[in-house]
Amino acid sequence: MVVLNIEAGRGIGDVKLGMTKEEVIQSILKYEAEYHRPEHMKNYFKNSFKVKYDSEGKVKLIEIPSELKEDFQCMFMNIDVFNTKAEKLVALLDEISKYDRDDTELDTCFTFPELGLILWRPDVLKEEDLEKEWFKELKPSIQEDTKKNLYFSSVAIIPRPSHSEH
């Protein structure tokens, strides 16, 4: 499986913070040329990389969805972010750098400012929830869909706060 590196405060794969829109387009075209998709998935990479720009037209946020795990191993500091359960991933990263405990969306969104990393999932599901009555009463197809919430749905890179040099 191909590795897509997520770099703290820098970028995801060939798409980097600070790039212009044209540079992002060129990086995505490179992926499309390298990893051929069926015709019905023509804009696979264009749709996978969500990019936000600042007032100067430079990339200020890069986000990717967990669907990329079908084709890529999305690695951050040697951790597969989409195949590591959310609770474990947060614990591992929190040992490296604390997440923002003042975040109002805590449990669904975790921001690690010093890493320039944001993890998101639409709903919280914990391992112990799988044994609860409410979960067991769900149709099997809904159980499978709900289990996705054991993992994060997207990861985003933002600039890290700048520190003054000593």
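**Close-up 1. Strand 1 and strand 6 run side by side in the parallel sense.** In this predicted model, four bridges join strand 1, which covers residues 2-7, to strand 6, which covers residues 72-76. To find one of these pairings yourself, start at V2 and look across to strand 6, where the bridge partner is F72. A little background may help here: the strands of a sheet are held to one another by backbone hydrogen bonds, and the pairing can be parallel or antiparallel.

**Close-up 2. Five strands build an open sheet with mixed pairing.** Now step back from strand 1 and strand 6 to take in their neighbours. Reading across the sheet, the strands come in the order 3-2-1-6-7. Which strands sit at the edges? They are strand 3, at residues 15-16, and strand 7, at residues 79-80, and each of them pairs on one side only.

**Close-up 3. Two residues with positive phi share the loop between strand 6 and strand 7.** The loop between strand 6 and strand 7 holds M77, and N78 lies there too. M77 is not a glycine, yet its phi is positive, at about 55°. N78 is likewise a residue other than glycine with a positive phi, in this case near 65°. Are these residues buried or exposed? M77 is partly exposed, with a relative accessible area of 43%, while N78 is exposed, with a relative accessible area of 75%.

**Close-up 4. A second open sheet of five strands has antiparallel pairing.** Follow its strands across and you will meet them in the order 4-5-10-9-8. The edges belong to strand 4 and to strand 8, which spans residues 109-112, and each of these pairs on one side only. From one strand to the next, the twist averages 15°. For a closer look, pick out strand 4 and strand 5 (residues 59-65), which pair in the antiparallel sense over four bridges. Here V51 stands opposite I62 in strand 5.

**Close-up 5. Helix 3 lies across strand 8 and strand 9.** Helix 3 is made of residues 86-96, and strand 9 of residues 117-120. At what angle does helix 3 run to strand 8? The angle is about 15°.

**Close-up 6. The largest pocket has a volume of about 210 Å³.** Its lining can be traced residue by residue: S66, E67, K69, E70, P122, K148, N149, Y151, F152 and S153. How do these residues divide by character? Four are charged, three are polar and three are nonpolar.

**Close-up 7. The second largest pocket has a volume of about 160 Å³.** The residues that line this pocket are K21, V24, I25, I28, L29, E32, K46, F49, V51 and Y53. Two elements give two or more residues to the lining, namely helix 1 (21-34) and strand 4 (50-53). Which of the elements supplies the largest share? That is helix 1, with six residues. By character, the lining divides into seven nonpolar and three charged residues, with no polar ones. You may recognise V51 in this list: V51 is also the residue that stands opposite I62 in strand 5.

Note on methods: Residues are numbered from 1 along each chain as its sequence is written. This is a predicted model: local features need pLDDT of at least 70, side-chain atom pairs count only at pLDDT 80 or more; totals for chains, interfaces and linings use all residues. Side-chain values use heavy atoms; hydrogens and water are left out. Two strands pair if DSSP finds at least two bridges between them. On a 1 Å grid over the protein atoms alone, a cavity is a set of points where a 1.4 Å probe fits but cannot get out, and a pocket is an open set with protein on both sides within 12 Å along at least five of seven lines; lining residues have an atom within 4 Å of a point. Grid points are joined across faces, edges and corners, and a volume is the space filled by probe spheres set on the points. Ala, Val, Leu, Ile, Met, Phe, Trp, Tyr, Cys and Pro count as nonpolar, Asp, Glu, Lys and Arg as charged, and the others, Gly among them, as polar. Axes are lines fitted to C-alpha atoms, for helices over the stretch in contact, and angles run from 0 to 180 degrees between N-to-C directions. Contact means heavy atoms within 4.5 Å. Buried means under 20% relative accessible area, exposed over 50%, partly exposed in between (1.4 Å probe, protein chains only).
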